[in-house]
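Reader: I have a new structure open and would like to learn how to read it. Could you walk me through it step by step?

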Amino acid sequence: MADVTILHNPRCSTSRHALATAGETGADAEVVEYLRHPLDEAALRGLLAKLEDEPGELVRRDPAFREAGLTDADVRTVDQVVAVLLAHPKLMQRPVLVRGDRAIIGRPRDRIAQFLAG
């Protein structure tokens, strides 16, 4: 069993940094390319239950967020975040690191090494 699961987008430099950091620290990482294998509702709810960040932080606020007609008011609760990410998986923040019953968003980058060390 892997030490950590990394929800990864290979096009994201911060996500690639998380993989490199895991390799440097010797962490056994399971890599999940969440855009190729989107999380279902149960997996999203499980992730949000472990997330040390606020639920809404799991949703990227990029141009696609605005193009979808979303505002911060649309991603305040777990139910809202799940609905948005089911409809728009590419809006999920990345990378996300999961270990046991804890999960973090790997931003800023210095959180990654701290999480892997703990």
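Author: Gladly; we will go from the overall fold to a single residue. Please keep in mind that this is a predicted model.

Reader: Thanks! How many helices and strands are there in the protein?

Author: Count the elements, then read their order. The protein has five helices and four strands, and along the sequence they follow the pattern β-α-β-α-α-α-β-β-α.

Reader: What does the radius of gyration say about the protein?

Author: Compare the value with the one for a compact globule. For 118 residues such a globule would have a radius of gyration near 13 Å, and the protein has 14 Å, which agrees. The C-alpha trace spans about 40 × 25 × 25 Å along its principal axes.

Reader: And what share of the residues counts as buried?

Author: Of the 118 residues, 42% do. The accessible surface comes to about 6400 Å², with 48% of it belonging to carbon and sulfur atoms.

Reader: Now for one residue: is H8 buried or exposed?

Author: Here the cut-off helps: buried means under 20% relative accessible area. H8 has 4%, so it is buried. Its place is in strand 1, which covers residues 4-8.

Reader: Which residues does H8 touch, leaving out those up to four places away in sequence?

Author: H8 touches S15, R16, L19, V31, V32, E33 and Y34. With S15 there is also a polar contact, side chain to side chain, at 2.6 Å.

How values were computed:
Residues are numbered from 1 along each chain as its sequence is written. This is a predicted model: local features need pLDDT of at least 70, side-chain atom pairs count only at pLDDT 80 or more; totals for chains, interfaces and linings use all residues. Side-chain values use heavy atoms; hydrogens and water are left out. Helices (H or I, at least four residues) and strands (E, at least two) are DSSP runs, numbered from the N terminus. Buried means under 20% relative accessible area, exposed over 50%, partly exposed in between (1.4 Å probe, protein chains only). A polar contact is a pair of N or O atoms within 3.5 Å; within protein, one must be able to donate a hydrogen and the other to accept it, and residues adjacent in sequence count only if both atoms are side-chain atoms. Contact means heavy atoms within 4.5 Å. The radius of gyration is taken over C-alpha atoms; the globule rule is 2.2 Å times the number of residues to the power 0.38. Accessible areas come from the Shrake-Rupley method with a 1.4 Å probe; for residues, only the protein chains shown count as cover.
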